[in-house]
Amino acid sequence: MDIDLETNLPPDALDGMQHLVSDRAVRGETVLLNMGPQHPSTHGVLRLLLELDGEVVVNCVPDIGFLHTGIEKNMEAKTYLKAEVMTDRLDYLNNLGNNLTYVMAIEKLADLDVPPRAQAIRVLLTELQRIASHLVWLGTHALDAAAMSVFLYCFRERERILDIFEMVSGQRMMTTYFRPGGLWRDVTSGFEAAVRDFVSYFPPRVTEYDRLLTKNPIFLRRTKEIGYLEPEVALRHGVTGPMLRAAGIEFDLRKAQPYSGYELYDFDVPTHTDSDTYARYLMRMEEMRQSIRIVEQALNKLPLGPVRSNNRKYVPPPRSELGTSMEAVIHHFKLWTEGFIPPKGSVYVATESPRGELGVFLESDGGPKPYRVHWRTPSFTNIQILPILARGHLVADLVLLIGTVDILLGDVDR
Amino acid sequence: MDAGMWIELIVKVIVLIAALLVGFAYLTYTERKLLARFQNRYGPNRAGPFGLLQPMADGLKLIFKEELIPEQADKLIFILAPILTVVPAWIVLAVIPLGSIDLFGRTINLSLAGDLNVGILYIMAVTSISVYGIVLAGWSSNNKYAMLGGIRSSAQMISYELALGLAFVGPVMMASSLSLARIVEAQSQLMWFAVLQPIGFLIFLVAALAEINRAPFDMPEAEQELTAGYHVEYSGMKFAMFMLTEYTKMIVVSVIAATLYLGGFHMPFITDRWPWMGPFMLLAKVFVLLFVIIWLRATLPRVRYDQLMQLGWKILLPIAFLNVCVTAGVMYLLGMIA
């Protein structure tokens, strides 16, 4: 390989990317380093092009697309119900949240009613999902700081949540449990006991993480004043979720435009003003505690009744009717062959995912398949902020910054 | 030298090397097992009963691995670097006093180099060499991550080494000798220097952790940041040699800490009565220290390397200085030194 002695770079090293790096890189004064896509701390297959001055990050260019799955396009080729299976695979730590967003869009499009019991179970499970997602975040964030035990403790707790998901849906991650008009079916008999068990089990565990990390001087020095994000910059880049709330802007879709009955529950939206990695850490820790509050309330006032809408044009009839009702057989046949056909129109529905505003835009042309599906995913917008956060920090901080943005590549590339 | 001394020397060398090799192998096992227990896991439990054959399995696997040398690497230095790190770690133990026993009608000093009167200087000189191996490994790999790891370790070395050196001074002053045997003897007469020199002991432990690149100061290899740091390009037995160094140094540093601050091979009542218990007493103390090192790894996040430099220069070094001054002052007042 020829190497330019002047700059120490192969002649074609900077082809087509001079605009991404500073002039000093062109002169060979700084080092270009590819971090990822195979790197233990880029949380999947994120590739970062780093321009380093010693260990100080001069420029950081995220390169996405390594996990591109074409989910949006794929969904357009499937009936509405079949497409829901793809939503599980978007943000694979927020499967139920994705399900919820998608079915809510269909419900809005078709003006479907959802029984209160289904609404309550949806809230309950989505909040459990939020805890599970934050647990993965906390574990990997701590692991990035090399506190490896926290990672395994977090996964221990997450197991219990996944067990609950498996109990109700038969699947630990790819649940597809929420369906247009309600739920796939009612929760199983052991469900309430399992959730109650978890509600009493979990808060002491959060205290345990507190003891391991929150006041740990090494962790404090690694996270305080690292990755400051100005509120204006955050707003300008469309950053949402804990990132935005840690910058002092109280914006949570569960409060701002309550959906699925969130207005019935009493919970706080924590905010912070420091807007650094530590503030975002505290935010997410507090969010876990608030989520468990919601879960507890939802469990205590879980209404009885049906879990599916009675609109047979969208919701399959119960098995028992198939033997007695001709109409039920016809509905069943239509739903499983052609699928339901929502009216023409387009909707946008957004929910608060663990990472921020998760929205789906659905356009129906009056056929059984969506004409266009677009996901507004929080990871995709939040990752834009990474170069701004990383500038001037060390490589060691960068891995924590990737963690604090809490991106998920399945959510970024879809 | 008569034939008996030669035999004695050879036997001691073989025993020491065997002990270190077995110690290394089973330290990896102990660490994995302990870490696993700290973290709700089982650890190795497939190879042999309780996974006891796991180190052998690992060793065999590494021997059969293909040894890759990057095309752009500086091959000579690339091969020399692991040797340069591993040798110093091994030869340090020669000066550690282990007591003496009477056997076959002669008094045998269990330590390899006997009673070297500048034992401390020897340790300081030899342990510092290892870092060259790390820096050169990082440089010769021609890999940016490895390079960063190498640079980090040199930055790390200059910031803790001074504090480490000053932590040696306390025991040296109190024993009025640079000989490790004298230091152990002084502790058997007074009491453990960890009690008399608690600050010195703590500084020694912190600086020693940095010296051996163990958590929370494992920046040169920082898996999460630099993938594997300086040894990212190494495979097979060359990689195993870096691991060998890391674990041997863990043992060595624990041995030194036990000797300087925890009374070495001497244990009140026990070694006075049964001198052959000396090495076992030392082993017990070393094991306690090793447990602490592994425990720290399971608990603490990693310090950032500029923060380690701050810690070394701004906190450890002044405190170590102060400790030396206070020790000298108190000793002067007590009339222990003129």
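## A pocket, a kinked helix and an aromatic pair

In this predicted model, the largest pocket has a volume of about 1,300 Å³. Its lining is made up of 47 residues, and those closest to the pocket centre are B:Glu31, B:Phe239, B:Met243, B:Tyr247 and B:Arg297. Both chains take part: the elements that give two or more residues to the lining are listed here.

| Chain | Elements giving two or more residues to the lining |
|---|---|
| A | helix H5 (116–144), helix H6 (148–169) |
| B | helix H1 (3–38), helix H2 (54–64), helix H9 (223–226), helix H10 (236–261) |

By character, the lining residues of the largest pocket divide into 24 nonpolar, 9 polar and 14 charged. Within chain A, domain 1 (1–66 + 377–414) and domain 2 (71–309 + 340–376) both give residues to this lining, so the pocket lies between them.

Next, take a look at helix H7 of chain A, which covers residues 191–214. Its 24 residues reach 33 Å from the first C-alpha to the last, close to the 34 Å expected at 1.5 Å a residue. Even so, H7(A) has a kink of about 25 degrees at A:Phe202, shortly before the proline A:Pro203.

Finally, to the aromatic rings. A search of the whole structure finds 20 aromatic pairs over all chains. One of them is formed by A:Trp137 and A:Tyr281, whose ring centres are 6.2 Å apart and whose planes stand at 40 degrees, so the pair is tilted. Because A:Trp137 lies in helix H5 of chain A and A:Tyr281 in helix H12 (residues 277–300) of chain A, the pair ties together parts that are 144 residues apart in sequence. Helix H5 of chain A is also among the elements that line the largest pocket.

Note on methods. Residues are numbered from 1 along each chain as its sequence is written. Chains are lettered from A and ligands numbered from 1 in the order in which they are written. This is a predicted model: local features need pLDDT of at least 70, side-chain atom pairs count only at pLDDT 80 or more; totals for chains, interfaces and linings use all residues. Side-chain values use heavy atoms; hydrogens and water are left out. On a 1 Å grid over the protein atoms alone, a cavity is a set of points where a 1.4 Å probe fits but cannot get out, and a pocket is an open set with protein on both sides within 12 Å along at least five of seven lines; lining residues have an atom within 4 Å of a point. Grid points are joined across faces, edges and corners, and a volume is the space filled by probe spheres set on the points. Helices (H or I, at least four residues) and strands (E, at least two) are DSSP runs, numbered from the N terminus. Ala, Val, Leu, Ile, Met, Phe, Trp, Tyr, Cys and Pro count as nonpolar, Asp, Glu, Lys and Arg as charged, and the others, Gly among them, as polar. Domain bounds come from an automatic or database domain assignment. The expected span of a helix is 1.5 Å times one less than its number of residues. The bend at a residue is the angle between axes fitted to the seven residues ending there and the seven starting there. Rings of Phe, Tyr and Trp (its six-membered ring) pair if their centres lie within 6.5 Å; planes under 30 degrees apart count as stacked, over 60 as edge-to-face and the rest as tilted.
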